[in-house]
Amino acid sequence: MSELLLADHTLIDGRFVRDVAVLVGDDGKITAVGPEVSLQVPDGTPRIALSRKALLPGCVNAHNHSFQSLLRGIADDKAFLVWRDQALYRYAPRLGREGTYVGALFAFGEMLLRGVTTVCDFFYLHDDSNDGAEAVIRAARDVGIRLTLARTMYDWDGAPKLFRESVADATRRTRELHAAYRDHPLVRVVPAPHSPHAASSEMVVAGAALAEELDTFFHMHVAEERFEVEETLANYGQTPVRWLESLGVLSPRACLVHCCHVDPGEVALMGEQGVNLLYNPNSNMFLGDGITPLTELLEVGVRVALGTDGGCSNNRVSVFDEMRAAALLQKVRHQNGTALGAEAVFEMGTRNGALLTGWDAGIIAPGRLADLITVDLDDLSTLPHLDLLKNVVYSMESTALSDVMVGGRWVVQGGILQTMSTREIGRRVAEITRDWTVAGS
Ligand SMILES: [Zn+2]
């Protein structure tokens, strides 16, 4: 159903503008934007007054592992490899399809309440099928979030068996899953060779080739931890980004996740090859990974989107928190308050996120998907309204988030999830995690 939205302030071209109307069409896209008198509004279109509210594009969480929300609090304050063993490798094999579905409902439901309208789930609980991926997709549809599923291609034999596949199986199943959702309005599938430490050369090359064949991006963790740099040097005689270059897979299709440990030569290479970065500052801090040379990457033209990473390595799922962290981390790294500003990180969390997860969203403009959120202007965390965009990034708390629309459908209203009861999600989470214990206890 089409609607005419009238908010007090609407974010257009990076600036909040007063008294602009946004017409949302039956197809879930923005049809027109402008002063109400200038718009051709079909007769009978409901007029929704969003008084004392600001209208913004929704956030895009460009990197997440939904099942990890269930592992929150299980192995906090540990070294990376202890965290991986004690949380991921211990509990992932126990989830089954039901646990995978509930984990995704939980993660996606919480994200919608934090203003995330699109999530990319980097998913690897395959168990020799696409059933787990289908469970995640079902959860996204049930809760009403837009989903890019980065179907992981994983063949390192140190990980639990359900993560692993042969190159041929991973390629075939990713191709099949992509075909099944090719024209879906809310779901996309892209290939995702896991990382230099968990995907062989053959797997990485196959993932990049599949992205070429399917005309998509491919996602891949790179240089998150120091150990991966050392392993790649020991195994291949090159640092991770140079190794990827030697495989011929660096291109504008590559969306590299993390890149905490890249040297100046690798930064230059990323710029030359037009690769993209999916940056997760809070997760990198939480796990003690390191600090990505973000400003240097921006200087060479790398496009950057933001992710929260999994719910047990952050431990929040708010992209607004990532915007704030991205800016603050560069300011302290350079000891310079001008190092990175609110406008740039806001674009990373919205427009760039939509671009790198394959959706025509992230800004309020005709023809774009109607993935929108409203902010309560009476919430004290947004005051004073002198530069609202700065406040959205630096001071706003989630108490200010009011409504969320995905593809023209209101999925959160007045801070309440409309598609499912959060109490029911909580009950199912408690059921799944009933017998679980905290690491070391
Ligand atoms: Zn990750």
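This passage describes the overall dimensions of the protein, two open sheets and the helices that pack on them.

The structure is a predicted model, in which local features need pLDDT of at least 70, side-chain atom pairs count only at pLDDT 80 or more, and totals for chains, interfaces and linings use all residues. Residues are numbered from 1 along each chain as its sequence is written.

The protein contains 14 helices and 17 strands; helices (H or I, at least four residues) and strands (E, at least two) are DSSP runs, numbered from the N terminus. Along the principal axes, the C-alpha atoms fill a box of roughly 65 × 45 × 45 Å. The radius of gyration is 21 Å, which agrees with the value near 22 Å for a compact globule of 441 residues; the radius is taken over C-alpha atoms, and the globule rule is 2.2 Å times the number of residues to the power 0.38. Of the 441 residues, 52% are buried. A residue is buried if 20 or more other C-beta atoms lie within 10 Å of its own, exposed if 12 or fewer, and partly exposed in between, with C-beta atoms placed from the backbone. Among contacts between residues at least 6 apart in sequence, 73% join residues at least 24 apart; two residues are in contact if their C-beta atoms, placed from the backbone, lie within 7 Å.

One open sheet has four strands in the order 6-7-8-9, with parallel pairing; two strands pair if DSSP finds at least two bridges between them. Strand 6 (59-64) and strand 9 (187-193) are the edge strands, each pairing on one side only. The twist from one strand to the next averages 15°. Strand 6 runs parallel to strand 7 (residues 116-123), joined by four bridges, and C59 has V116 in strand 7 as its bridge partner. Helix 3 (residues 131-143) packs on this sheet, touching strand 7, strand 8 (146-153) and strand 9, and its direction makes about 165° with that of strand 8. Axes are lines fitted to C-alpha atoms, for helices over the stretch in contact, and angles run from 0 to 180 degrees between N-to-C directions.

Another open sheet of four strands has the order 10-11-12-13, again with parallel pairing. Strand 10 (218-222) and strand 13 stand at its edges with a single partner strand each, so one side of each lacks a neighbour in the sheet. Here the twist averages 30° from one strand to the next. Strand 11 (residues 254-258) pairs with strand 12 over three parallel bridges, and V257 is bridged to L278 of strand 12. Between these strands the chain passes through helix 8 (residues 264-273) in a right-handed β-α-β crossover; with the strands pointing away from the viewer, such a path from the first strand over the helix to the second runs clockwise. In strand 12 (residues 276-279), N276 and L278 point one way and L277 and Y279 the other, and all are buried. Strand 12 also pairs in parallel with strand 13 (residues 303-306), over four bridges. The partner of N276 in strand 13 is R303, and that of Y279 is L306.

Helix 12 (residues 342-356) packs on the sheet by touching strand 11, strand 12 and strand 13, at about 105° to the direction of strand 13. Helix 12 also lies across strand 6 and strand 7, running at about 55° to strand 6.
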